[in-house]
Amino acid sequence: MTTVDTLRPADAETCARSLADASGARRTVRVRGSGTKDYLGGELAPTDIVLETTAMRGVVAHVPADLTVTVAAGTTLVELRQTLAAAGQVLALDPPHGDRATIGGVVAANSTGFLRARYGGVRDQLIGTTLALADGTVAHAGGRVVKNVAGYDLNKLFIGSLGTLGVIVECTLKVLPRPAASAGLRARFARAADAFRAADGVASTSARPASLVVDATGRGALELLVLAEGGAPAVRRTLEIAATSVRASGSASEPDDAIADALAPLRELPAASDGVVVRASLPPAAQPAFADTAMRLEGFARLVADAATGTVRVALRGDDDVLVLGADAIVAAARVCGGTAHAERRPDSLRRRIAAWGDGDMPGLFLMRRLKESFDPNGILEPARGPVR
């Protein structure tokens, strides 16, 4: 039985040396924060080393007047929020598993929630990174040290890289003043077309809600959830626009100041062990047709759409054959609608039948392969997790 070594480097230099040693010895490495995103990507194949980032922890620098914070990658989002709260500030990211996720993991997984509708995603919040690379280099990009390596914009390359190119050891992020007010409303619809029409009526105005979500649990059972944040007058105006749009779509809305709490479980569709979650990125106008197709599938359990950005996640339940056929049908439906889709979660028993990255014909796969060869020539980092093997 092969022994798996666990490494917990305490700083960037130690982390980089560990990677260089592993690369020289051709020992494979899994990069792990708190493990909340283990379900993402391809197979979690056995590796020789598990490199955990949790010892690289703490706020390195916080300059409230500049609205920036630099934090070690193993710091949890909860810890960072506590530090920012003391200064009356927030990080405008609400990823799934935010109670346990580490900052490095959030960036490496490009993990965002519903606040993206107003504030953007990880790419919009990340100013700079410090990275440990497989050749033993500690590289800096953007932020406090404006330097890129080999002409690459490393910030963008490492967002969503899932540890396949190197280890994120430090992040500099934009922060914002805590919103003065927040409120919400919800509305119920019998048809996907009406729910998304109401959402589009909000998204196409200057209202800029903090979150704009359509939640569907079956045909004839859809809800629109709107969260507004900011100054009190702006919040009132946003909810007035939302209520008007709902009425124009043939439904009625009701105020709900607990919308933020209602959105929390929707970020984490519960299908990790007994079902499949497929994530689609669609043109916003294609969401109603896509939703109709998904909700007609055998095994459909739930659909949650970030209606302002076209990010839609579909949960399926059923036996193995139902899940495989359903996942394939959703990927095909996304393509027909002009979008893309991939399996975000599936049971371990179906990891071979439902490929995380589809049929291997991903846009940009050639470029991804070249990047992987450049950053990890010996192929030691997360060897089966990314689309490049």
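A residue is counted as buried when its relative accessible area is under 20%. In the predicted model described here, Leu 51 has a relative accessibility of 1% and therefore counts as buried. Leu 51 belongs to strand 3, which spans residues 49–52. Apart from residues up to four places away in sequence, Leu 51 touches Leu 7, Pro 9, Cys 15, Ser 18, Leu 19, Val 29, Arg 30, Val 31, Arg 32 and Val 167. Between Leu 51 and Ala 72, 21 residues apart in sequence, the C-alpha to C-alpha separation is 15 Å.

Burial of nonpolar residues was then examined across the model. In soluble globular proteins, nonpolar side chains tend to be buried together. The largest nonpolar core of this model contains 52 residues. Within this core, the residues with the most contacts are Phe 189, Val 214, Leu 222, Leu 224, Phe 290, Leu 303 and Val 314. Helix 11, residues 320–336, supplies the largest share of this core, with 7 residues. The surroundings of Phe 290 illustrate how distant parts of the sequence meet in the model. When neighbours within four places in sequence are left aside, Phe 290 is in contact with Ala 280, Leu 282, Leu 303, Val 312, Val 314, Ile 330, Ala 333, Ala 334 and Cys 337. Leu 303 and Val 314 thus appear both among these contacts and among the residues with the most contacts inside the core. A second core, separate from the one just described, has 29 residues, including Leu 77, Leu 84, Leu 131 and Ala 139.

Helix packing is represented by helix 7 (residues 192–203) and helix 8 (residues 232–248), whose axes come within 8 Å and cross at roughly 145°. The crossing of helix 7 and helix 8 is right-handed. Helix 7 contributes Arg 197, Ala 198, Gly 201 and Val 202 to the contact, and helix 8 contributes Ile 241, Ala 242, Ser 245 and Val 246. By residue type, the contact of helix 7 with helix 8 comprises 5 nonpolar, 2 polar and 1 charged.

Charged pairs form a further group of features. A total of 19 salt bridges is counted in the model. In one of them, Arg 267 pairs with Asp 94, and the closest N and O atoms are 2.9 Å apart. Arg 267 lies in the loop between helix 9 (259–263) and strand 15 (275–281), while Asp 94 lies in the loop between strand 6 (89–90) and helix 3 (103–108), so the salt bridge ties together parts that are 173 residues apart in sequence. Both Arg 267 and Asp 94 are buried.

Another salt bridge links Arg 237 with Glu 240, with 3.9 Å between the closest N and O atoms. Arg 237 and Glu 240 are 3 residues apart in helix 8, and so about one helical turn separates them. Glu 240 is partly exposed, at a relative accessible area of 46%. A salt bridge is also formed by Asp 348 and Arg 351, the closest N and O atoms being 3.1 Å apart. Asp 348 is exposed, with a relative accessible area of 62%, whereas Arg 351 counts as buried at 11% relative accessibility. Beyond these individual pairs, a network of salt bridges links Arg 186, Arg 188, Glu 223, Glu 254 and Asp 256.

Lys 372 is located in helix 12, residues 365–375. The relative accessibility of Lys 372 is 11%, so this residue counts as buried. With residues up to four places away in sequence not counted, Lys 372 touches Thr 164, Leu 165, Pro 377, Leu 381 and Val 388.

Backbone conformation was also considered. Most residues other than glycine have a negative phi. Leu 162 is not a glycine, yet has a positive phi of about 55°. This residue, Leu 162, lies in the loop between helix 6 (154–158) and strand 9 (167–174) and is buried, with a relative accessible area of 11%. Glu 382, also not a glycine, has a positive phi of about 40°. Glu 382 is situated in the segment after helix 12 and counts as buried at 4% relative accessibility.

Note on methods: Residues numbered from 1 in each chain as written. Predicted model: local features only at pLDDT ≥ 70, side-chain atom pairs only at ≥ 80, totals over all residues. Heavy atoms only, no water. Axes fitted to C-alpha atoms, helices over the stretch in contact; angles between N-to-C directions. Helix = DSSP H or I, 4+ residues; strand = E, 2+ residues; numbered from the N terminus. Left-handed = near helix turned anticlockwise from the far one by under 90°. Contact = heavy atoms within 4.5 Å. Nonpolar A, V, L, I, M, F, W, Y, C, P; charged D, E, K, R; others polar. Core = buried A, V, L, I, M, F, W, Y, C linked by side-chain atoms within 4.5 Å. Buried < 20%, exposed > 50% of the residue type's maximum accessible area, 1.4 Å probe, protein only. Salt bridge = Lys/Arg side-chain N within 4 Å of Asp/Glu carboxyl O.
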